[in-house]
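Visitor: Please show me the model, and let us then test each term against its definition.

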Amino acid sequence: MRLRVFTTSHRALGILYLLLALVAVIAGTLLSLIMRLHRIWPDLAVPFFGTIKPEGYLALVTMHGTLMIFFVLTTAPQIGFANLVLPEQIGARGMAFPRLNAAAFWLTALALLVLLAAFFVPQGAPISGWTSYPPLSAVASAGPGEGAGMDLWLASIAIFCLASWLGAVNMLVTILGERRAGMTWSRLPMTVWAWLVTSILTLLVFSVLLAAIILLFSDRHFGSSFFVPRGDLVNGHIVGHGDGSPLLWLHLFWFFGHPEVYIAVLPGMGLATSLFANFARRRVAGYRVMAAMLVAIGLLGLVVWGHHMFVSGMNPYAGTAFALTTMAIAVPSTVEALGWLTILWGGRLRLRTPMLFALGFLSFFIAGGLTGPILAQPALDAYLHNTFFVVAHFHLVMAMAGVFSIFAGIYYWFPLISGRMMNESLGKLHFWITLIAAYGTFFPMHFSGLAGEPRHYERLAGPVTSFSAIAANERGITFSALLLASAQLIFLWNIFTSVRRGRVAEANPWEATTLEWAPEMGRGRVERGPYEYEIPANETIFHPQWELASKQE
Amino acid sequence: MPATFTRHPVEIERKDTGIGGKPPLDRRPTGGGGDGDNWENRPSGRRGPRELLTRYRLGVLFALAGDLMFFVALVSAFFVRQSAGHFDARENYVSDWHPLAVPPILWINTAILILSSLTMEMARRQLFHEIDVMDEWLGLGRPAVKRAAPWLVATFTLGSLFLAGQWIAWKQLVQQGFRYNSPDPSSHFFYLITGTHGIHLLLGVIALAAALGALFILRRIELRQIVVDCTAWYWHTMGLFWIFLFALLVCFQ
Ligand code: HEM
Ligand SMILES: [Cu+2]
């Protein structure tokens, strides 16, 4: 398949989005490896960076988080995969607004460039973390990178907001208006439900982030005082001249930030549902409930943002309220997980690579999800906040679950795009090493966190002994992270060779039922649900959605 | 190959712009009202002359929903900032928020904007006037365009007047010593809210000019309808947003 620059073909754009995410993930991973090496050998000189100063470490954290969250986890599973298959899955002839869609991609690419440019301006990249809390982020003299670097960060994320907003408008109109006749709500593949919910979330929350960014930018350059408190002393100078409220930024940011994590993970949940049904040859029991729970998670996700702010000085009663809503969100999440287990239970599992990665997704979703309700207790969070415990939580539930869903999607749709299969043995090897190394990297972080190790600290000064007990733990994490990163070379190699020399895929290689695998996109009505597999009778019997319902049934 | 696989009759694909070869009227000519005439059951791209219009309307609707959240965020920031204060050395609560009296000219501007929504609606209606649409569709001149254009020009003028009025209001405030960066947060918010709304309106005025041009350039009545219709919904929404924002600035200082 040839890619034209400025194409409006949704499939080509999907591939471009995935390539963009690949660039971002490579950059982000390299940054994280530097951090991990620094943590165990603080005096090591790294190429390009030299020995890392505390502010250098903060710049690494900031850029790592921003790249991964925005340009990988928000981009690939949502708009990337949706461009790849969404129109086919609903039987549309294409996206509703192809040019708008293409514009969204190029804006995203521009945003990535602007972000990476922050490394090359005087004083380098910003240091205030992916959450950019003021006053650090509001005052240029607050630290290196908070001048030009921070401005570039703000510009990049503002462009990203606009791009996601355009992409979401296009996706919503496509899902609502372009479905094929007969593609009713209860016949939509679960991925489409997930994209529907994430697009709505995108529209609602990225607009708020954009507003917050404008306010912050104005504080930095136009002398307003939205976020900087009175008498705020930065580097020996009083910078605060009004009763600005840093909490205001936290509220606005996390109103965006929490739904954002669901934007990253919901598409994976939809995909996992489809893959479980396919590779277990089972119908999705309680399809309507599963779909409704996706919507419920999306809606509840809009009212839980305060759980990131328990120790911020927010009113404690508000903390209690947010703890309650947060616990409530565990309910639909649990229903989803139980729904998946029901599909798997007694299914005839075909453990092909995409299925393995979907199972990996499930395992991380549960492993990381279990610590969520712990962190949602204000009393426990007072101790755990900003420790590595939180880092463990979100790397398992968001980062690893998200990345595994991306892998599952790529292994699954690869034949659709390239006409060839990916190598199965390399795929399995890739899966097992990645699974073990991922747990090896992120699970022990719980222990560091419980021991009190804070996040975003380059090293801990003070009595040498206080953290010596976790030094071995830290070393283990670093070696595991190195293994995790190198295992991805297997994946890249697999893609690279399979594109040219992989086994040629037959039509519908996974014996799937959803429309993207239809042999031709005729114009018939859809008369079947998305997951009509039937093992009790015969494993090979299934009814794809492009098949007409026969009258005898 | 899957065991049970049926090919279904493939309709011959026509190159179709989603307009459907029927006049874009409100009334749906059902021609007997059988099942086959329900446009929802047709493949997309063949769902009647209103399909494209519906698609663009939906797009504008969603975009505006996102935009609404943008203003909601600004308004909530307004309230949070208003209630932020500090305690001085004697433990008195002091707030740096001093209510700002909006320049009276804003009342005139608001009236102008409401008026412009009316003219906009008049322009929009012309393009859905059945007899004229039929004429245009059949290629018998462009009566709808002729009637809509003056209303569009009127809206454009009123919109520009509104923007000019806002500009005057800012000038007046600056003369009274309220600048964007004066220490008073209520003045940040005044400029921020009127400013971001003004940018939206500027885009609207540009869209109006473009729509006016498009009326004469576009060849199909269906597309002319879309251009004016979408501009109109955008314009109405901005008017509505303004009324809320203005009420906020006047009553909730
Ligand atoms: C039952 C479900 C969940 C609960 C109750 C929960 C609860 C929490 C709480 C209370 C925190 C704040 C910890 C702190 O900063 O002290 C947190 C952080 C976080 N959670 Fe979750 N969580 C859940 C699921 C998820 C999911 C599904 C994702 C992503 C897909 C996720 C991603 C994150 C991230 C990224 C952070 C850290 C943000 C940061 O500070 O940089 N969580 N979670
Ligand atoms: Cu959260």
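Guide: The following exchange takes up the ligand site, the cavities and a salt bridge.

Guide: This is a predicted model, in which local features need pLDDT of at least 70, side-chain atom pairs count only at pLDDT 80 or more, and totals for chains, interfaces and linings use all residues. Residues are numbered from 1 along each chain as its sequence is written, chains are lettered from A and ligands numbered from 1 in the order in which they are written, and side-chain values use heavy atoms, with hydrogens and water left out.

Visitor: What makes a residue part of the surroundings of ligand 1?

Guide: A residue is near a molecule if one of its heavy atoms lies within 4 Å of it. There are 21 residues around ligand 1, and those that come nearest are A:Trp130, A:Asp381, A:His385, A:His393 and A:Arg455. Sorted by class, this shell holds 13 nonpolar, six polar and two charged residues; here Ala, Val, Leu, Ile, Met, Phe, Trp, Tyr, Cys and Pro count as nonpolar, Asp, Glu, Lys and Arg as charged, and the others, Gly among them, as polar.

Visitor: Which helix gives the largest share of that shell?

Guide: The largest share, five residues, comes from α12(A). At least two residues each are supplied by α7 (246-280), α9 (316-344), α10 (353-375) and α12 (388-418) of chain A. Helices are DSSP runs (H or I, at least four residues), numbered from the N terminus.

Visitor: Why is the pair formed by ligand 1 and A:Asp381 called a polar contact?

Guide: A polar contact is a pair of N or O atoms within 3.5 Å. An oxygen atom of ligand 1 is 2.5 Å from an N or O atom in the side chain of A:Asp381, so the pair qualifies. For A:Arg455, the side-chain N or O atom is 2.9 Å from an oxygen atom of ligand 1, so this pair qualifies too.

Visitor: How do you know that A:His393 is a donor to the iron atom of ligand 1?

Guide: Donors are N, O and S atoms within 2.8 Å of the metal (3.2 Å for Na, K and Ca); water is not among the atoms, so sites may look incomplete. NE2 of A:His393 is 2.1 Å from the iron atom and is its single donor from the protein. A:His393 belongs to helix α12 of chain A. The copper ion (ligand 2) is 4.5 Å from the iron atom of ligand 1.

Visitor: What makes an empty space a cavity?

Guide: On a 1 Å grid over the protein atoms alone, a cavity is a set of points where a 1.4 Å probe fits but cannot get out; lining residues have an atom within 4 Å of a point. The whole structure contains four cavities of 30 Å³ or more. The largest cavity has about 100 Å³ of space, a volume being the space filled by probe spheres set on the points, which are joined across faces, edges and corners. Its lining comprises 13 residues, with A:Tyr17, A:Gln78, A:Ile79, A:Ala163 and A:Ser164 nearest the centre. Six residues of this lining, the largest share, come from α5(A). The lining of the largest cavity has six nonpolar, seven polar and no charged residues.

Visitor: Why is the pair A:Arg39 and A:Glu453 called a salt bridge?

Guide: A salt bridge is a side-chain nitrogen of Lys or Arg within 4 Å of a carboxyl oxygen of Asp or Glu. The side chains of A:Arg39 and A:Glu453 meet at 2.4 Å, N to O, so the pair satisfies the rule. These residues, 414 apart, link helix α1 (residues 10-40) to the loop between α14 (445-450) and α15 (471-501) of chain A.

Conventions: Polar contact = N/O pair within 3.5 Å; in protein donor to acceptor, adjacent residues only side chain to side chain. 1 Å grid on protein atoms, 1.4 Å probe; cavity = no way out; pocket = protein on both sides within 12 Å on 5 of 7 lines; lining within 4 Å.
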